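Hello,

Here is the structure I promised to pass on. Please have a look at it, and then read my notes underneath.

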Amino acid sequence: RGLGDVYKRQPHDRNVIKYLPSLFQKAWSPNARVSLLLQKLLMEPITMVVIGLALIVCAYMAWNIGANDVANAMGTSVGSRALTLKQAVIIAAIFEFCGAFFAGDAVTDTVRKGILEVDFSTVTPEISQDIAFGFIAAMMAAATWLTIATRFGLPVSTTHSIIGGIIGVGLDLEVDHNTSYINWEVVLFTILFECFYKIFSIWEFLVKESWSTIKIVLLNVLV
């Protein structure tokens, strides 16, 4: 309605209004956004280094996740020959992506900002840079540990590996900058939940084994 009023009352502004959509489209076109991003990157070379390292380490981490976590999930299906290796890889790729994209935000938020509590509106550029390289180092440490575990056939947890790396980075930052970053409540909850899960799994296994033993004994007695 506002543009319509201007169009009626001020005929000399009609050309401006006419070309507003094209100007808006040009300003927010993908090429314009990419150019703006490249200008910012060229102004800050350290940002290019951080992004490059992060992409390389992320790719290495993804390779390890496929070698360990996905192998854990699909190993029984391939081992029982319910699926071929090619089918398992395709199914794992589809559902791993869907799970991460549609349901992984909660875990991502915990890993990204739940373990370390940092107010980026108050930190200095030096601390921000240390945090960026620290997260890359934590991811690289977790990826290296996954490589070692995969080499020896150990079914380890990727999430716990990266959490351990982030806690290590947090301890280092706390010592260097004399402040507190680690949210120990979240860390304690994660540890307790893992302990509860392990205890429940052991209990379930013992109950099943006990019931199997009882059935064998009853069958022997009755027969």
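Below are some notes on one helix and on the aromatic rings.

This is a predicted model, with local features needing pLDDT of at least 70, side-chain atom pairs counting only at pLDDT 80 or more, and totals for chains, interfaces and linings using all residues. Numbering starts from 1 along each chain as its sequence is written, and side-chain values use heavy atoms, without hydrogens and water.

Helix α4 covers residues 45-79 (helices are DSSP runs of H or I, at least four residues, numbered from the N terminus). Its 35 residues should span 51 Å at 1.5 Å a residue, and the end C-alpha atoms are 49 Å apart, which agrees; the expected span is 1.5 Å times one less than the number of residues. Even so, α4 has a kink of about 55° centred on Ala 71, the bend being the angle between axes fitted to the seven residues ending there and the seven starting there. After α4 comes Arg 81, with a positive phi near 65°.

Now the rings: there are three aromatic pairs (ring centres within 6.5 Å, using the six-membered ring of Trp; planes under 30 degrees apart are stacked, over 60 edge-to-face, the rest tilted). Tyr 60 and Trp 63 are stacked, because their centres are 6.3 Å apart and their planes at 15°. Both lie in α4, three residues apart. Phe 101 and Phe 102 have centres 4.9 Å apart and planes at 85°, so this pair is edge-to-face. Ring pairs also link Phe 97 with Phe 101 and Phe 102 in a cluster.

Best wishes

Technical notes
Helix = DSSP H or I, 4+ residues; strand = E, 2+ residues; numbered from the N terminus.
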